[in-house]
Amino acid sequence: MDPDTDEYILKDRKIGNVDPTPYGTDFEYTSFAYKHKNALFITVDVFNKVSNPDHNYIDRENGLGGEGVVTGDVTGEHLSWFKNILISARDDDTIKHIMVQAHLPILQPVKKVASSAMFFDRGEDSEFWKTMVQYEVDIYFAGEVHANTASKATGSNLIQIVSRSMILSNFLKVTVSPDSIHVEALNEIGLKYDQYSKSEFEVIGSLSIDKKAGSGGTSIESSGDLQIIDAAWDPLIHFTFEELHSVGDRQVLGLIDWPFIIPKKVNMRGVTVEETIFNQGVFGQQYDAQSGKVTISTDDGFHGNAGYFNGGESQMGVYSFGPNMGGSIISYSIWFKTESDLEMILLHYGESWQSANRYNKNIFSLTLDDGIPTLYASTTSILRPTTAAMGNNKLNDQGWHQVAVSMSRHSCLLSEVVVFIDGEAVETEVQNDINLFFLTYGRIGVGSMGFADTRQADFPTWTTFHGKLDEAYVWGKTINEGILRRSPRKDFHFVRKNDSGERRVCRVHGRDGIKNEVYTIIKTLKECKKKCRRKLPCLGYKLVFSKNNREVVDKCVLFNYQTPKLRVQKSGKLRRREACYTA
């Protein structure tokens with residue numbers, strides 16, 4: 001509006017025969033379309049009032065709403081106006097590019113930090129998104145979550161770019177030509193933030209859409225912070241625990257010690273944290289985990305090194321928010337080794353700040369309670385394996401075990417979450433079953449509560465993990481046994497001699513719950529290796545050759561739940577030749 005005349009500034013600038021704003025609707029002051037040279041820019045107010053102040057809108061079964069009387073959606077006359085604008089744009093040969101901007105992300109998951117992280121109902125299944133796909137919008141720009149994410153739905157060239165744009169320290173630069181759109185993410189550099197004078201910036205990500213005529217059609221290239229993520233296949237978060245880094249080694253946007261752009265230390269639940277474990281998942285460095293009093297164990301990890309948590313001060317947490325959101329699908333898996341009989345945190349997702357939680361949104365927290373995996377959606381909604389499923393096989397037996405939990409569908413019931421133990425789904429039982437509707441402003445903690453503001457009084461039995469953790473994953477999809485066998489894929493190496501030239505042999509002492517398996521019908525290296533690779537807890541194997549023929553396999557021995565110990569074979573004592581392989 002013109003502040004002097006109280007009239008629409010764009011009132012005579014129709015797009016074809018369509019008004020530049022949806023006159024007569026609640027959005028006539030906040031949604032509008034504007035053509036500039038060869039590009040059409042459409043700004044849409046997606047905050048849609050769906051109930052009166054006496055009724056807060058939330059649909060747990062479908063994962064909608066949850067923010068009070070307003071939800072993220074475009075409907076009715078507002079949607080019709082938007083569709084007509086796009087139809088007119090496609091009839092105008094001078095319009096080569098269409099860009100839409102609104103506040104809320106539509107495609108999920110996205111990176112988030114320091115935000116209530118409101119979302120758009122139904123996501124890519126919404127009529128709003130489908131309309132943009134139908135009329136070939138090029139880019140949908142969003143904000144809200146204060147972090148950069150580029151994503152694209154399968155079967156469409158429509159790209160969503162969510163940008164940070166905080167205190168002018170991080171923003172997007174868009175360059176448009178007749179045949180292309182080029183977007184760069186710029187980030188302030190230097191020791192301290194400088195809001196009031198000329199700052200220096202660097203390009204931390206780029207994305208290009210090239211529409212030049214050719215047999216290949218539209219070409220899309222992306223890199224850095226604007227690399228298009230593939231959450232349908234790859235884990236969002238993956239911690240390998242191979243090494244520790246300093247907090248200042250690489251920047252996590254939003255994690256600051258004002259006015260320093262990159263802090264050297266932060267505080268996590270009273271622990272001064274100076275170290276970081278890098279995230280290997282597609283959410284990248286934005287989801288690095290800051291850690292304190294966690295050490296890297298180079299001895300007897302499940303896959304390489306492991307993280308040792310002391311059960312007291314050890315803390316490890318992701319400063320960024322999510323990736324949980326409403327009814328979004330989330331899955332975890334983690335390897336661990338312990339003998340503690342306490343209830344210890346494996347992976348915790350809890351609120352970033354205390355609130356009245358009027359809409360009873362959920363956490364998603366996995367613990368090990370005296371060797372029994374336990375999944376919490378709240379203080380009263382809890383999922384566990386049945387007694388029959390566990391038998392006498394508690395997982396606090398000092399062997400390596402993997403536990404995974406996977407939502408079976410969007411907004412599934414807690415009882416529909418599948419629990420895997422050592423790669424196999426187990427029967428479960430639930431206390432107070434509910435449809436999952438997650439806090440949008442939560443944080444992930446590993447082996448501890450991390451940066452979450454969860455009150456210890458609400459979960460008085462929980463303690464920090466005591467033992468070793470390895471290979472922690474968070475996915476934004478449903479997972480199965482095949483994915484777990486590749487998380488990570490086990491590669492075996494042949495142990496021939498030690499540095500002194502002494503011959504080595506595989507040995508490990510069996511004990512209750514940890515028994516080696518011997519196969520006499522397996523007669524080749526390939527078969528033995530395949531058996532161990534497909535059996536999730538197998539961490540090494542050996543071949544014992546016939547005493548009469550050193551080329552004939554007599555048996556295959558699988559070492560389950562623990563890495564085989566390598567011992568020197570004393571001279572003259574070897575009656576059969578052994579070949580030892582370890583993961």
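Let's start with β13 and β14. Strand β13 covers residues 200–210, and six bridges join it to β14. The two strands run antiparallel. One pair to look for on screen: L207 has S222 in β14 as its bridge partner. Keep in mind that this is a predicted model.

Now widen the view. These strands belong to an open sheet of four, in the order β11-β12-β13-β14. The pairing is antiparallel. Which strands stand at the edges? They are β11, residues 170–176, and β14, residues 219–224. Each has a single partner strand, so one side of each is left without a neighbour in the sheet. From one strand to the next, the twist averages 20 degrees.

As a reminder, strands of a sheet pair through backbone hydrogen bonds, either parallel or antiparallel. The next sheet has mixed pairing.

That sheet is open too, with six strands. Read the order as β1-β2-β7-β8-β10-β9. Here the edges are β1, residues 32–36, and β9, residues 149–152. Again, one side of each is left without a neighbour in the sheet, because each has a single partner strand. Neighbouring strands of this sheet are turned by 20 degrees against each other on average, with direction ignored.

Take the β1 end. β1 pairs with β2, residues 39–43, in the antiparallel sense. Five bridges make up that pairing. Within it, A33 has I42 in β2 as its bridge partner.

Next, the helices on this sheet. Helix α1 spans residues 76–90 and lies across β1, β2 and β7. α1 runs at about 180 degrees to β2. Helix α2, residues 127–134, also packs on the sheet. α2 touches β7, β8 and β10, and its direction makes about 145 degrees with that of β8. So which strand do you find in both lists? β7, residues 97–101, is named for α1, and β7 is named for α2 as well.

How do the two helices sit against each other? Two packed helices are described by the angle between their axes and the distance between the axes. For α1 and α2, the axes come within 10 Å and cross at roughly 10 degrees. Angles under 35 degrees count as roughly parallel. The two helices are therefore roughly parallel to each other.

Which residues meet there? From α1, they are L79, F82, K83 and L86. From α2, they are E127, F128, T131 and M132. By class, that contact has five nonpolar, one polar and two charged residues.

On to empty space. Rolling a probe the size of a water molecule over the atoms shows where empty space is left. How many cavities of 30 Å³ or more turn up in the whole structure? One. The largest cavity holds about 30 Å³ of space. Its lining is G65, G66, E67, V70, T71, G72, M118, F119 and D121. The elements giving two or more residues to that lining are β5, residues 64–68, and β6, residues 70–72. The lining divides into three nonpolar, four polar and two charged residues.

Pockets now. The largest pocket has about 880 Å³ of space. Its lining has 33 residues. Nearest its centre lie L107, Q108, P109, E124 and G476. By class, the lining has 15 nonpolar, 11 polar and seven charged residues.

The second largest pocket has a volume of about 510 Å³. It is lined by 24 residues, and I421, D422, E424, P537 and Y561 lie nearest its centre. Three elements to mark are α3 (387–390), β31 (424–426) and α4 (481–485), each supplying at least two residues of the lining. The largest share, three residues, comes from β31. This lining divides into 10 nonpolar, five polar and nine charged residues.

Last, the backbone. Most residues other than glycine have a negative phi, and most peptide bonds are trans. What about the bond from W258 to P259? That peptide bond is cis, with omega near 5 degrees. P259 is in the loop between β16 and β17. The bond from S487 to P488 is also cis, with omega near -5 degrees. P488 lies in the loop between α4 and β36. Then there is F241, with a positive phi near 60 degrees. Look for F241 in the loop between β15, residues 237–239, and β16.

Conventions: Residues are numbered from 1 along each chain as its sequence is written. This is a predicted model: local features need pLDDT of at least 70, side-chain atom pairs count only at pLDDT 80 or more; totals for chains, interfaces and linings use all residues. Side-chain values use heavy atoms; hydrogens and water are left out. Two strands pair if DSSP finds at least two bridges between them. Axes are lines fitted to C-alpha atoms, for helices over the stretch in contact, and angles run from 0 to 180 degrees between N-to-C directions. Contact means heavy atoms within 4.5 Å. Angles under 35 degrees count as roughly parallel, over 145 as roughly antiparallel, 65 to 115 as roughly perpendicular and the rest as oblique. Ala, Val, Leu, Ile, Met, Phe, Trp, Tyr, Cys and Pro count as nonpolar, Asp, Glu, Lys and Arg as charged, and the others, Gly among them, as polar. On a 1 Å grid over the protein atoms alone, a cavity is a set of points where a 1.4 Å probe fits but cannot get out, and a pocket is an open set with protein on both sides within 12 Å along at least five of seven lines; lining residues have an atom within 4 Å of a point. Grid points are joined across faces, edges and corners, and a volume is the space filled by probe spheres set on the points.
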